[in-house]
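Visitor: I should like to look closely at the packing inside one part of this protein and at the empty space around it. Please take me through it step by step, in one connected account.

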Amino acid sequence: MQISKIRFSNHEATLFAQEVKTQVADYFEVTGRSSKADSRMVFKTIIFLLITYGSYGLILSNQFSAWQMLWLAVLMGVGIAGIGFCIAHDALHGAYSPNPQVNKFIGYTFDLLGANGYIWKIAHNTIHHTYSNIPGIDQDLMVSPLIRFSSATPLKPIHKYQHIYAFFAYSFATLNWLFMKDFLCFQLRDFGPCKDLVHSRAEVVNLIWTKLFVYAYTIAIPLLILDITWWQFLIGFTVMHITAGLILGVVFQLAHVVEGLEFPVPDENNAIEHTWLIHQMLTTANFAHENQLLSWFIGGLNYQIEHHLFPQVCSIHYPTISQIVREVAQKHGVPYNYYPTFFSAIKSHYSMLKKLGDPPTEINTNPSLCS
């Protein structure tokens with residue numbers, strides 16, 4: 001695989017980069033803590049696996065009414081989102097364990113939800129984390145032709161209504177992974193900046209058997225066992241995925257498609273104005289630090305700045321190291337984009353969708369953010 005190079009500047013803010021890296025490293029050294037998962041993360045892993053597959057087992061027990069099973073399907077959807085946020089995401093970043101084989105094993109929880117960890121690592125780890133918010137490169141800005149996430153994306157008449165239908169569209173994220181996206185991505189030779197992709201036979205085999213396994217345990221087995229009609233099963237199956245997809249889709253958009261962030265376009269020399277680390281600070285936002293339940297549930301992804309600067313640090317540590325990052329950023333005059341509540345971030349995302357759906361408008365990339 002070859003990657004088309006976009007060059008980041010190396011002439012600015014080196015003091016911020018050096019200091020923030022040094023202070024975070026010093027924190028782990030002085031406290032003696034590992035930067036990987038600890039007992040809190042293991043506990044969370046157990047909880048979300050129990051929520052997801054405990055709900056699944058209760059559904060298969062045939063001891064509940066159709067309505068009760070529907071609520072269990074909702075709970076299973078919540079658990080799926082939790083596994084994606086808190087287990088698979090860290091493992092696929094190599095942040096769960098210092099042992100690569102442990103990360104690989106735990107990362108298979110993503111595949112067993114119906115997605116594909118191999119494709120995710122290319123799209124998310126390699127492309128999104130390197131080229132955050134760069135139109136035409138960052139795959140997270142191209143989730144669907146129906147949604148316009150940057151002013152560099154061609155405007156279509158339907159985008160005028162995207163603020164109305166976008167959240168509904170997000171709810172189909174896991175269904176898209178399960179039935180379409182991964183298969184399409186495996187057929188691509190060029191994937192964003194990644195050129196001449198050649199997928200190993202092992203990855204192709206893994207895609208096939210994991211998809212078949214998920215189809216078997218989420219579709220075939222329930223249809224064979226449950227005392228309900230096929231259409232009742234279809235409703236429950238869809239509700240489960242809509243629940244998971246909506247949660248996952250909304251949370252991931254709040255980190256990069258809100259007011260106050262930049263969407264840098266490379267110049268004629270394929271260069272970005274800022275250093276990579278400053279680029280991350282300009283294109284990423286945090287939200288709702290005081291909401292401890294939300295932080296616990298979404299795996300610290302409301303600390304997206306810290307995640308982008310230190311993707312191989314387990315998310316359980318983000319609340320602590322965020323204090324370091326914020327103080328160093330303020331010291332050096334580097335932006336630290338932050339929305340104080342979950343709903344203020346959603347409101348800002350909604351506003352961005354509405355602005356980007358209107359005829360060409362210059363998006364204000366630096367409004368005042370609450371801090």
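Guide: In this predicted model, the buried residues of α6 pack against three helices, namely α7 (173–186), α9 and α14. The residues of α6 that are buried are Q162, H163, Y165, A166, F167 and Y170.

Let us turn to one of those partners, α14. This helix runs over residues 342–357, which makes 16 residues. At 1.5 Å a residue the helix should span 22 Å, and because its end C-alpha atoms lie 23 Å apart, the expectation and the model agree. Buried along α14 are S344, A345, I346, S348, H349, M352, L353, L356 and G357. The cover over these buried residues includes two helices, α6 (162–170) and α9 (230–253). It also includes two strands, β5 (285–287) and β6 (337–339).

From packing we may pass to empty space. Rolling a probe the size of a water molecule over the atoms shows where such space is left.

The largest pocket holds about 940 Å³. Its lining is made of 38 residues, and those closest to its centre are M142, V143, N176, W177 and K181. Helix α6 appears again here, since α5 (117–128), α6, α7 and α9 each supply at least two residues of the lining. Helix α7 provides the largest share, eight residues. Sorted by class, the lining of this pocket contains 23 nonpolar, 11 polar and four charged residues.

The second largest pocket has a volume of about 430 Å³. Twenty residues line this pocket, with H289, S295, Y303, P319 and T320 the closest to its centre. At least two lining residues come from each of α2 (39–60), α11 (292–297) and α13 (318–331), and the largest share, six residues, is that of α13. The lining of the second largest pocket consists of six nonpolar, nine polar and five charged residues.

Next come the cavities. Across the whole structure, four cavities of 30 Å³ or more are found. The largest cavity encloses about 60 Å³. Its lining is formed by I80, G84, F110, L113, A115, T174, W177 and L248. Two elements, α3 (66–92) and α7, give two or more residues to this lining. Six of the lining residues are nonpolar, two are polar and none is charged.

The second largest cavity has a volume of about 50 Å³. It is lined by G84, F85, A88, H89, F110, W120, W177, L248 and F252. Here α3 and α9 are the elements that give two or more residues, and α3 gives the most, with four. This lining has seven nonpolar residues, two polar residues and no charged ones.

Some residues are worth following from one space to another. W177 is among the residues closest to the centre of the largest pocket, and W177 also lines the largest cavity and the second largest cavity. G84, F110 and L248 line the largest cavity and belong to the lining of the second largest cavity as well. Helices can be followed in a similar way: α9 is packed against by buried residues of α6, covers buried residues of α14, and contributes to the linings of the largest pocket and the second largest cavity.

How values were computed
Residues are numbered from 1 along each chain as its sequence is written. This is a predicted model: local features need pLDDT of at least 70, side-chain atom pairs count only at pLDDT 80 or more; totals for chains, interfaces and linings use all residues. Side-chain values use heavy atoms; hydrogens and water are left out. The expected span of a helix is 1.5 Å times one less than its number of residues. Buried means under 20% relative accessible area, exposed over 50%, partly exposed in between (1.4 Å probe, protein chains only). Contact means heavy atoms within 4.5 Å. On a 1 Å grid over the protein atoms alone, a cavity is a set of points where a 1.4 Å probe fits but cannot get out, and a pocket is an open set with protein on both sides within 12 Å along at least five of seven lines; lining residues have an atom within 4 Å of a point. Grid points are joined across faces, edges and corners, and a volume is the space filled by probe spheres set on the points. Ala, Val, Leu, Ile, Met, Phe, Trp, Tyr, Cys and Pro count as nonpolar, Asp, Glu, Lys and Arg as charged, and the others, Gly among them, as polar.
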